[in-house]
Amino acid sequence: MQKLLITLLLLLTIETSGQVREVSIDLMPKAKVLQEGTYKNYTGQRTQSVHLHIDQSFAGKALVIQLTGRYGVFMDGKLVGDAEGLIKLNMDSLRRIYGAAEVLSVYAPQHIQSLSIKLHYKDATADLDNLIRQPSYYSDFVILVCLLLLIFFVFLFRSNTNLTLDYLNIIKVFVIHSREEAITTGRIGSSANILFFMFISMCCSLLLMIAAHWGYPSVAMPFPHASSSLYRLVAWWFLISLLFFFLLMAKLLLIWIMSKLFNFRDLVRFQYFNFVRSLYGAMILAGLFSAGYFIGQSQNPDFFSYLIWGVCLILVLSTVFFYFKLLGRTGSSVFHLFSYLCGSEIIPLMILIKVLFF
């Protein structure tokens, strides 16, 4: 029995050592842009062309370029071809055609965004244990931010348990006849509510960055690529969170102005908390579906496009239900309420969808 086990282990070892592995090297950290006559590192700045130095280490390998929209590929200024989306180039074939070319350039007529350049080759000799592990900044970033949000949520729940449960009671968004909650009678500008607004802004920012990274090219947004440093990704997340927070405050101001114009009293808190609660519901569902996506190890970028559409659909449905809530609450005419919702809910939602998908 022992000899049989030893034989099986030897066979498994021989089979493993003979496997051919597909190796992918991210070349974006080596990408350059030409500014003021000198080459500088490409860090996502707005530009029409990105350059990459070619040497003998590219021999026997394939270069994979992925970019949104139409673009051209050049070798020492000579056009190799134009493409849209993904293109795969055999470096040996290019060297035979264009000689000892030293610079490969990617040019886009508008500007370059969400560019990916990788070098692919098959390795049958290198030991997996000796390979240098490439830094996974995006994975580290997501883990770190999720831990911070979890700590933040525990703090909110322990300090304001009733308010937290009220925000997370998503069913009330889709119930037309409901009693007046304590949440709608509290002050919007209280410190507790401001913390909840900050929390949902951070969640929206994280979801958008995850969708932009793992959903590329279905979701193409000018965010940092995977080779960015952890500090830069956290800084972007913080800035986008601030942007979402300011948008929430702008939404509050819009509701206040519209309620004054249409003479709807005591409607600002009720409407705004209904909107924020629907955001919490959308983020909870998006988080659950995203967790299932990563646990299942799926590889479909279109999933994140559908995910963002799902979030927008929840906001649309909450607006529809809120319209029927107002019919029974205000007693106003159908046209009067519809005009009010067009300015305070429908048009801002259409602008959001336009920005995200077009």
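## A walk through the model, starting at Ser190

Begin by selecting Ser190, which lies in the loop between α4 (161-167) and α5 (191-214). Helices here are DSSP runs of H or I with at least four residues, strands are runs of E with at least two, and both are numbered from the N terminus. Before going further: this is a predicted model, where local features need pLDDT of at least 70 and side-chain atom pairs count only at pLDDT 80 or more, while totals for chains, interfaces and linings use all residues. Residues are numbered from 1 along each chain as its sequence is written, and side-chain values use heavy atoms, with hydrogens and water left out.

Back to Ser190: is it buried or exposed? Ser190 is buried, at a relative accessible area of 14%. (Buried means under 20% relative accessible area, exposed over 50%, partly exposed in between, using a 1.4 Å probe and protein chains only.) Now add Asn193: its side chain and that of Ser190 are joined by a polar contact of 3.0 Å. Such a contact is a pair of N or O atoms within 3.5 Å; within protein, one must be able to donate a hydrogen and the other to accept it, and residues adjacent in sequence count only if both atoms are side-chain atoms.

**Next stop: the rings**

Colour Phe, Tyr and Trp. The whole structure holds 20 aromatic pairs. Rings of Phe, Tyr and Trp (its six-membered ring) pair if their centres lie within 6.5 Å; planes under 30 degrees apart are stacked, over 60 edge-to-face, and the rest tilted. Go to Trp214 and Phe294, an edge-to-face pair with 5.4 Å centre to centre and 75° between the planes. This pair links distant parts of the chain, with Trp214 in α5 and Phe294 in α7 (residues 268-295), 80 residues apart. Trp214 is partly exposed at 27% relative accessible area, and Phe294 is partly exposed too, at 35%.

Then jump to Phe303 and Phe304, whose ring centres are 5.2 Å apart with planes at 85°, so this pair is edge-to-face. Phe304 is buried, at 0% relative accessibility.

For a bigger selection, take Phe152, Phe153, Phe157, Tyr167, Phe196, Phe199, Phe273 and Tyr280, which ring pairs link into a cluster. After that, show Lys251 with Phe275: the charged end of Lys251 sits over the ring, 4.7 Å from its centre. The cut-offs are NZ of Lys or CZ of Arg within 6 Å of the ring centre and within 35 degrees of the ring normal.

**On to the strands**

Select β5 (residues 62-75) and β6 (residues 78-90), which pair antiparallel over twelve bridges. Strands pair if DSSP finds at least two bridges between them. Trace the ladder: Ala62 has Asn90 as its bridge partner, and Leu67 has Gly85. At the turn, two residues sit between the strands, and Asp76 takes a positive phi near 50°. Now show β7 (residues 103-107), which runs antiparallel to β5 and is joined to it by four bridges; Gly72 stands opposite Tyr107. Ten of the 14 residues of β5 are buried, so the strand is largely enclosed by the rest of the structure.

**Zoom out**

Show the whole protein chain: nine helices and eight strands. Of its 358 residues, 40% count as buried.
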